[in-house]
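Colleague: I should like to learn how to read this model feature by feature. Please give the general idea each time, and then the case at hand.

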Amino acid sequence: MTAIDAHAPTISTRERYRDVVSNQWPVIVAPQPDELLSSWLHRLAYANGVAPRAFARVLGLGAGMWSPSLDVRLPSDVASLLRANTGISAEQLSAMTLSHDPPEQLRLRLRNSGRRGSSTWLQFCSQCLAEDQDPYFRRNWRLATRVACQDHRSGLRDRCTSCRSHIAAYSQGTLAPQHFCARCGFDLRRASKVSMSPAARRLDLRINEMCAHRAMMGGPLSTVFVARLLRIPELVGVQAVSSLPCLSTSMRIRCFERLAERVCNLLQRDDDCD
């Protein structure tokens, strides 16, 4: 796919689109539980017959990782435009962003690196996508501490299994649902299951329960706790120079597997590690 599509709609297309839809856009999409704002925006664009790359111009935004950036910070003018044209409340929009939690240090970085061991900005569970009536991406899939899907007892992925590219629905120039790889068209729902030990999945669950509990209490996570999480790769000998959010999902799963094995050995509870 080229960086610039000569046939992509221009700014004038955006204005004609606004004239046609009047006060509200024709199709309104309801946010799903724990849905990321970027995911909702991609679904909203598709439902209204606009490719994500062109929808960025509808919102008055430029190219690049426009929708993932909105997950982190939603400008007031874009929020006002979305409220006016969808009827979605400010509270609903805010709930889909990452502006309040989790701590910035524990979020996956906004990057589109193709290097095998490096993180990308978003993960997914293929089985969750397959079971969704309208596939969407979850907020917790942007957490570096989240490497497992507890519902399906499997690890997450952060790349297309066909072409190994990162998730880039924001750059899709054709009209296609966001669960199809923007680079090669592979249906991410067909990606194979990632095996993880029960002990590593439990570790994933406990860490994220601790983070969620602190968020519910309204207080920040302990800086010591966050620092220890960031140093997991170094502690288990997987990567001495990179912190947790800088690693690919497969590398972070390896870290959790090693850490879970250490915990099991420490507690001497072989029955918990079966």
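Modeller: Let us begin with the nonpolar core of this predicted model. A core is traced by following buried nonpolar residues whose side chains lie within 4.5 Å of one another. Here the largest core has 44 residues, and Trp40, Leu41, Phe55, Leu59, Leu82 and Trp141 touch the most other members.

Colleague: Which helices each supply at least two residues of this core?

Modeller: They are α2, α3 (52-58), α4, α5 (76-86) and α7. The largest share, 5 residues, comes from α2. Another core, of 29 residues, lies apart from this one and includes Leu143, Ala144, Leu244 and Leu247.

Colleague: What does tryptophan 141 touch, not counting residues up to four places away in sequence?

Modeller: Tryptophan 141 touches Leu108, Leu122, Gln123, Phe124, Cys125, Cys128, Leu129, Tyr136 and Leu156.

Colleague: How should α2 be read, and how many of its residues are buried?

Modeller: For a helix, one looks at burial along its length and then at its packing partners. In α2, 9 of the 11 residues are buried, so the helix is largely enclosed by the rest of the structure. The buried residues are Leu37, Ser38, Ser39, Trp40, Leu41, His42, Arg43, Leu44 and Ala45. They pack against α3, α4, α5 and α6 (90-95). Just after α2, glycine 49 takes a positive phi of about 75°.

Colleague: Arginine 43 is listed among those buried residues. With which side chain does arginine 43 meet in a salt bridge?

Modeller: Side chains of opposite charge can pair when their charged atoms come close. The structure holds 10 salt bridges. In one of them, arginine 43 meets aspartate 134 at 2.9 Å, N to O. This pair links distant parts of the chain: arginine 43 is in helix α2 (residues 37-47), while aspartate 134 is in the loop between α7 (126-131) and β1 (148-149), 91 residues apart.

Colleague: Are the two partners buried or exposed?

Modeller: They fall into separate classes, because arginine 43 has a relative accessible area of 7% and is buried, whereas aspartate 134, at 38% relative accessibility, counts as partly exposed.

Colleague: Where else does a salt bridge link distant parts of the chain?

Modeller: The side chains of arginine 142 and aspartate 71 meet in a salt bridge at 3.1 Å, N to O. Arginine 142 is in the loop between α7 and β1, and aspartate 71 is in helix α4 (residues 66-72), 71 residues apart. Both partners are buried.

Colleague: What is the setting of the salt bridge between glutamate 234 and arginine 231?

Modeller: Their side chains meet at 3.5 Å, N to O. Glutamate 234 counts as partly exposed at 41% relative accessibility, and arginine 231 is partly exposed as well, with a relative accessible area of 39%. Elsewhere, salt bridges that share partners join Glu35, Arg43 and Asp134 into one network.

Colleague: How many disulfides does the structure hold?

Modeller: The test is a distance between cysteine sulfur atoms, with a cut-off of 2.5 Å. The structure holds 0 disulfides. For cysteine 160, the nearest cysteine sulfur is that of cysteine 184, 3.7 Å away. Cysteine 160 counts as buried at 0% relative accessibility, while cysteine 246 is partly exposed, with a relative accessible area of 22%.

Colleague: What surrounds serine 154?

Modeller: Here one combines the element, the burial and the contacts. Serine 154 is in strand β2 (residues 154-155) and is buried, with a relative accessible area of 1%. Leaving aside neighbours within four places in sequence, serine 154 is in contact with Cys125, Gln127, Val147, Ala148, Cys149, Lys193, Val194, Met196 and Arg201.

Colleague: How is the chain as a whole arranged?

Modeller: There are 11 helices and 2 strands, in the order α-α-α-α-α-α-α-β-β-α-α-α-α from the N terminus on. Buried residues make up 48% of the 274 residues. Among contacts between residues at least 6 apart in sequence, 67% join residues at least 24 apart. The protein exposes about 13700 Å², of which carbon and sulfur atoms supply 51%.

Colleague: Where is the pLDDT below 50?

Modeller: Where pLDDT is low, the predicted coordinates should not be read in detail. The protein averages a pLDDT of 87, and 83% of the residues score at least 70. Over residues 8-15 the pLDDT is below 50, and this stretch has 8 contacts in the model beyond near neighbours in sequence. Over residues 268-272 pLDDT also stays under 50, with 2 contacts beyond four places in sequence.

Key:
Residues are numbered from 1 along each chain as its sequence is written. This is a predicted model: local features need pLDDT of at least 70, side-chain atom pairs count only at pLDDT 80 or more; totals for chains, interfaces and linings use all residues. Side-chain values use heavy atoms; hydrogens and water are left out. A salt bridge is a side-chain nitrogen of Lys or Arg within 4 Å of a carboxyl oxygen of Asp or Glu. Helices (H or I, at least four residues) and strands (E, at least two) are DSSP runs, numbered from the N terminus. Buried means under 20% relative accessible area, exposed over 50%, partly exposed in between (1.4 Å probe, protein chains only). Contact means heavy atoms within 4.5 Å. pLDDT is the predictor's confidence in each residue, from 0 to 100. Accessible areas come from the Shrake-Rupley method with a 1.4 Å probe; for residues, only the protein chains shown count as cover.
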